[in-house]
Amino acid sequence: MLSSIDFGGKPFHFIGIGGIGMSALAYILAKRNLPVSGSDIRLSHITERLQEIGTQIFGSQEGKNLEIYHSVTDRSSEQGKAIATALKERNSSDNRNGHLPQVICSTAINTNNAEYKAALELGCPIFHRSDVLAALIQDYRSVAVAGTHGKTTTSSLIGYLLLRAALDPTIIIGGEVKAWEGNARFGQGEFLVAEADESDGSLVKIAAEIGVVTNIELDHPDHYQSLDQVIETFERFKKQCKTLVGCIDCPIVRDRIHPTISYSLNLESGAAYSVDRIIYTSQGTQARVWERGQLLGEIEIPLLGQHNLSNALAAIAVARYLGIPFSTLQEALSSFEGAKRRFEYRGEFKGSMLIDDYAHHPSEIQATLAAASLRAKDQRVIAIFQPHRYSRTQMFLTEFAQSFGQANQVVVTDVYSAGEANLDRFQGETVAQVIGEYHDRVSYQPTLKDVENYLVAHLQPGDYAVFLGAGNLNQIIPKLITHSA
């Protein structure tokens, strides 16, 4: 089932290396002293981080980027020298295609991509990013975190607990974390903690020592035709993991996945790990933790809402399975700062708080706005929503409309396509109109500039402005901060 990924010294070339998942893999491979190059049409601090460790980055996606592998035209950089050395060693073998790189793509790269076409013409072995992740998972004692919601926070928490327990883990997640200054960390220990994505079905390639399933819902109708198809993907994932940790507060996980180790926020659930005496505050969450009927003690986490308490409980279950003392977990949890774009405070605009959150599914929006209400207390919560993908928005339109109940006001902009064609000419205005059937204060602002101008005119001191979406909505935030300067 696993692909023939070669970690023996053969180069890697990533098409779309700046993506949050692709860049994490490239970082780990480069830190393993493998020759790595890649391209992206948008350079960023993420690609700069890769360049700092010797990765060769191209700012366009063209076939000529692969010339370094058959002519090695650029030997000036350290990575160019490494590539040249690797090619020299490979060319000494009988494999005439040994000099070609392993080309890595994500689902976002289509067959019309010029660089992809060039790789095909050259005869490069081409793999999906999930093939690299699956192969890395086989190289370690691995923890793979899956689920419709909460993957990034849960995998970050698990990685952080192992780090604070001096296990020196390697970490690959879909978000940036201050503790390791990015979306990946290369450790010398035997453990790998990875976020495992179900969105394109590639979760079935993962076979980890410990699997985690936080919850299961239909979230990617562009790939799955039904919830049953999603469940089948998770059932295969469970079979391929030696141990499965799962949240039985989700009925599907409880009844269809049957986790080896269960956790729940309900002490009466019979779960192996549960909590009581829960206190949700504007600064964090407190609870007592129980392990198989025995009281372990109290935890305090600086994360808001019951969804984050559930994520923390999943991390505790994994850490305890690995034998980490509860006292170590208590100390570590109290200092965890969270991942970027997960209820991330970004700054202020004239006394209003600007919060960036990746929520792009109705359940996630409800959880995020519940946390915002805790933090805001008696202040206004302004939800700024950018729908993500036409397929998701149209399928869950009613659910989206009903998910803003804890916002005082909702601002909706146009749909972020994420590369999808708008076959039905669907617009964000329709989303705003349907939300308006359940909420009496909704404003439609088509473009990001319209949203920015609206917020400049309407935000008040003390407001909590929560930017919701997986697209580019958060580009407005630094502009608002600049307005305040």
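Lys and Arg are counted here as positive and Asp and Glu as negative, whereas His and the chain ends are left out of the count. On this basis the chain, which is a predicted model, carries 43 positive and 54 negative charges, and the mean positions of these two sets are 4 Å apart.

The overall dimensions of the chain were examined next. For 485 residues, a compact globule would be expected to have a radius of gyration near 23 Å, and because the chain itself has 23 Å, the two values agree. The C-alpha trace spans about 70 × 55 × 45 Å along its principal axes, and the secondary structure comprises 17 helices and 21 strands. Of the 485 residues, 58% count as buried, while the accessible surface of the chain comes to about 20,000 Å², with 45% of that area belonging to carbon and sulfur atoms. Among the contacts in the chain with a separation of 6 or more, 65% are accounted for by residues that stand 24 or more positions apart.

Three helices illustrate how individual residues are placed. In helix H15, which covers residues 428-435, the buried residues are Gly428, Val431, Ala432, Val434 and Ile435. When H15 is seen down its axis, these buried residues fall within an arc of 165 degrees, and they therefore line one face of the helix. The partners against which the buried residues of H15 pack include both helices and strands, namely helix H13 (390-395) and helix H14 (397-401), together with strand E18 (381-385), strand E19 (409-412) and strand E20 (442-444).

Helix H1, formed by residues 20-31, contains Ala26. The relative accessibility of Ala26 is 0%, and since buried means under 20%, Ala26 counts as buried. When neighbours within four places in sequence are left aside, Ala26 is in contact with Phe14, Ile17, Val36 and Leu50. For one of these partners, Val36, which is 10 residues apart from Ala26 along the chain, the separation between the two C-alpha atoms is 6.8 Å.

Ser310 is found in helix H10, which runs over residues 306-321. With a relative accessibility of 12%, Ser310 likewise falls under the 20% cut-off and so counts as buried. Once residues up to four places away in sequence are excluded, the residues that Ser310 touches are Cys247, Tyr263 and Leu265.

Note on methods. Residues are numbered from 1 along each chain as its sequence is written. This is a predicted model: local features need pLDDT of at least 70, side-chain atom pairs count only at pLDDT 80 or more; totals for chains, interfaces and linings use all residues. Side-chain values use heavy atoms; hydrogens and water are left out. Helices (H or I, at least four residues) and strands (E, at least two) are DSSP runs, numbered from the N terminus. The radius of gyration is taken over C-alpha atoms; the globule rule is 2.2 Å times the number of residues to the power 0.38. Buried means under 20% relative accessible area, exposed over 50%, partly exposed in between (1.4 Å probe, protein chains only). Contact means heavy atoms within 4.5 Å. Accessible areas come from the Shrake-Rupley method with a 1.4 Å probe; for residues, only the protein chains shown count as cover. The place of a charge is taken as NZ of Lys, CZ of Arg, CG of Asp or CD of Glu. The arc is that of the directions from the helix axis to the C-beta atoms.
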